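Work through the exercises below with the sequence and the model in view. Each task is followed by a solution in steps.

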Amino acid sequence: MKEAYSISKILRVRKAAIFDIDGTIIKGISSERVLFYYLLEKKVINFRSLLRFAAAFLRKGLSLKGLSVRKNKYYLRDNDYEDIIGNIEECFHKRILPYISEYALQEIKRLKNEGYLIILLSGTLSPMVECFTKVCNADIGIGTKLAVDNEGRITGEIDGIHSYCGGKVKIIERLVSEYSLDLSSSYGFGNAYVDVKFLRMVGYPVAVNASPMLWLYASANKWKMVTF
């Protein structure tokens, strides 16, 4: 019985293909930066929003709590969360969808057909990642979750792990436990040097549209390099 249990447990272990989004699935743009300017155009965010953004950065920086520009979501503060989701979906289809790489979609389709669990992991906002997840037919999409108050308004804070740099490592560790992933037989796709932290976790790291620093690191470690 013990042996049978061990075999069944092994059979449940899954291999995954983990994709970064900005610079990897899309090239030449940042999805959240595009959203930022889109919301400015629509006057969803304004000068007051920018002041809140700057004040939060200074306040937390001076108090040594630390708030990187990427983690600062105070430009969205006090907006209704559902309204922002609507704007994100609109922005995605109007401004971002055309930038999704056909090569990336083909690679995702190929790996999915080969039995890999497709995971999109990005520091961009969760509702934006959900849009990518649908278009890419991915199994799991994880982004940066916005904190929301009891009235459904965005607080400007992040809820949970910031899925950027070292945060991706923590999320992947959680996914390994939740989905019984075998990272040694899994793929990882990233474009920037900060992605090295999660790419080193997988058996088959791939540098996509590699930044100069990632190109050097990938070359030194004989990683596969591709252009999407």
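**Exercise 1: a strand and its sheet**

Tyr187 and Phe189 point one way from strand E6, Gly188 and Gly190 point the other way, and all are buried (buried: under 20% relative accessible area, exposed over 50%, partly exposed in between, with a 1.4 Å probe and protein chains only). This is a predicted model, in which local features need pLDDT of at least 70 and side-chain atom pairs count only at pLDDT 80 or more, while totals for chains, interfaces and linings use all residues. Residues are numbered from 1 along each chain as its sequence is written, and side-chain values use heavy atoms, with hydrogens and water left out.

Task: place E6 in its sheet and name the strands at the edges.

Solution.
- Step 1. Helices (H or I, at least four residues) and strands (E, at least two) are DSSP runs numbered from the N terminus; two strands pair if DSSP finds at least two bridges between them.
- Step 2. E6 pairs in the parallel sense with E1 over 3 bridges, where Ile18 has Gly188 as its bridge partner.
- Step 3. E6 also runs parallel to E7, joined by 4 bridges; there Tyr187 is partnered by Tyr204.
- Step 4. E1 (residues 16-19) pairs in parallel with E2 (residues 117-125) over 4 bridges, and Ala16 stands opposite Leu117.
- Step 5. The open sheet of 6 strands therefore reads E3-E2-E1-E6-E7-E8, with parallel pairing.
- Step 6. E3 (140-144) and E8 (224-226) are the edges: each has a single partner strand, so one side of each lacks a neighbour in the sheet.
- Step 7. From one strand to the next, the twist averages 20 degrees.
- Step 8. Helix H9 (residues 212-220) lies across E6, E7 and E8, at about 145 degrees to E8 (axes are lines fitted to C-alpha atoms, for helices over the stretch in contact; angles run from 0 to 180 degrees between N-to-C directions).

**Exercise 2: an enclosed helix**

Task: decide whether helix H6 is largely enclosed or not, and state what its buried residues pack against.

Solution.
- Step 1. In H6 (residues 126-136), 8 of the 11 residues are buried, so the helix is largely enclosed by the rest of the structure.
- Step 2. Those buried residues include Met128, Cys131 and Phe132.
- Step 3. They pack against H2, H4 (81-96), H5 (102-113), E2 and E3 (contact: heavy atoms within 4.5 Å).
- Step 4. Cys131 has a relative accessible area of 7%. The whole structure has 0 disulfides (pairs of cysteine sulfur atoms within 2.5 Å); for Cys131, the nearest cysteine sulfur, in Cys91, is 9.0 Å away.
- Step 5. Asn137 follows H6 with a positive phi, near 55 degrees.

**Exercise 3: cores and confidence**

Task: which residues have the most contacts inside the largest nonpolar core, and where does pLDDT stay under 50?

Solution.
- Step 1. A nonpolar core is a set of buried Ala, Val, Leu, Ile, Met, Phe, Trp, Tyr and Cys residues joined through side-chain atoms within 4.5 Å.
- Step 2. The largest has 42 residues, and Phe19, Ile25, Leu120 and Phe132 have the most contacts inside it. H4 gives the most to this core, 7 residues.
- Step 3. A second, separate core of 21 residues includes Leu121 and Ile172.
- Step 4. The chain has a mean pLDDT of 89 (the predictor's confidence in each residue, from 0 to 100).
- Step 5. pLDDT stays under 50 over residues 1-11, with 0 contacts beyond four places in sequence, and over residues 62-67, with 6 such contacts.
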